[in-house]
Amino acid sequence: NVEELIDKYNTALQQAYDDYLNKVITYEEADIRKIHLFFTAIGLPEPSLDDVKAFRAGYKAVYSASRRATPGSIETLLRLRKHGYRICVITNGQTEDQAAKAEAIGIRHLVDHIITSEEAGYRKPDRRIFQYAMKQLGASPQAIMVGDSADSDIKGALDAQLAVIMYSP
């Protein structure tokens, strides 16, 4: 079923990205490894390089076409900016990809900084990525982390002694 496919893909993605962050493989190798792991997880034969390229091309086209801001998020960011809040996105994604995603969904101009695990050298939920973000923003102790994952967002922010808001779309 779709949920199982998503889970297996995300597991492969996480494993390959962890290898990249640990400098075991390059970013390009992580992309190939992710597809190999995914194919193995769903019982398909090991993909050739052409299979990987075809899968990535199809995936990227659908992914790019379906990116959009969460309903209400742009309005919320505009209100926060109007009231003087500084806004930072903290993500485990790659810097270039995350900046492109923020631009594509129309929020890049509304955030002060996009902190990635690639930039910070730590990944969520490690408290140090949240501390790094605070330092980059020059943020006060009144900072609030709004996250949609109890495991990576909320736990990490609490470990960094930040106030948190759990967002469950």
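D18 is placed in helix α1, where helices are DSSP runs of H or I with at least four residues and strands are DSSP runs of E with at least two, both numbered from the N terminus. At 25% relative accessibility, D18 counts as partly exposed; the classes are buried for under 20% relative accessible area, exposed for over 50%, and partly exposed in between, computed with a 1.4 Å probe on protein chains only. The C-alpha atoms of D18 and P169 are 26 Å apart in space, with a sequence separation of 151 residues.

The model is predicted, and local features need pLDDT of at least 70, side-chain atom pairs count only at pLDDT 80 or more, and totals for chains, interfaces and linings use all residues. Residues are numbered from 1 along each chain as its sequence is written, and side-chain values use heavy atoms, with hydrogens and water left out.

Eight helices and four strands are assigned to the protein. Read from the N terminus, the order of elements is α-α-α-α-β-α-β-α-α-β-α-β. The C-alpha trace spans about 55 × 30 × 30 Å along its principal axes. Of the 169 residues in the protein, 30% are buried. The accessible surface comes to about 10700 Å², and carbon and sulfur atoms account for 54% of this surface; areas were obtained by the Shrake-Rupley method with a 1.4 Å probe, and for residues only the protein chains shown count as cover. Among contacts between residues at least 6 apart in sequence, 49% join residues at least 24 apart, a contact being defined by heavy atoms within 4.5 Å. The protein has 21 positive and 23 negative charges, and the mean positions of the two sets are 7 Å apart. In this count Lys and Arg are positive and Asp and Glu negative, while His and the chain ends are not counted; each charge is placed at NZ of Lys, CZ of Arg, CG of Asp or CD of Glu.

Helix α1 also contains Q14. Q14 is partly exposed, with a relative accessible area of 33%. Its C-alpha atom is 9.7 Å from that of A30, and the two residues are 16 apart in sequence. The loop between α1 (2-21) and α2 holds K23, which is exposed at a relative accessible area of 74%. Phi of K23 is near 60°, a positive value in a residue other than glycine.

The axes of helix α2 (residues 27-41) and helix α3 (residues 49-66) come within 10 Å and cross at roughly 95°. This crossing makes α2 roughly perpendicular to α3, since angles of 65 to 115 degrees are classed in that way, those under 35 as roughly parallel, those over 145 as roughly antiparallel and the rest as oblique. The axes are lines fitted to C-alpha atoms, for helices over the stretch in contact, and the angles run from 0 to 180 degrees between N-to-C directions. On the α2 side, D31, I32, K34, I35, H36, F38 and F39 take part in the contact, and they meet L49, V52, F55 and R56 in α3. H36 lies in α2 and is partly exposed, at 22% relative accessibility. Not counting residues up to four places away in sequence, H36 touches E46, P47 and V52. The C-alpha atoms of H36 and S48, twelve residues apart along the chain, are separated by 8.9 Å.

Helix α8 (residues 150-159) includes D153 and D151. D153 is buried, with 3% relative accessibility, whereas D151 is exposed, with 63%. With residues up to four places away in sequence not counted, D153 touches K124, F130, M145, G147 and D148. D151 and K124 are 27 residues apart in sequence, and their C-alpha atoms are 8.6 Å apart in space.

The peptide bond from K124 to P125 is cis, with omega near 15°. P125 is found in the loop between α6 (117-120) and α7 (127-137). Another backbone feature occurs at Q161, where phi is near 65°, a positive value in a residue other than glycine. Q161 lies in the loop between α8 and β4 (163-166) and is exposed, at 74% relative accessibility. In general, most residues other than glycine have a negative phi, and most peptide bonds are trans.
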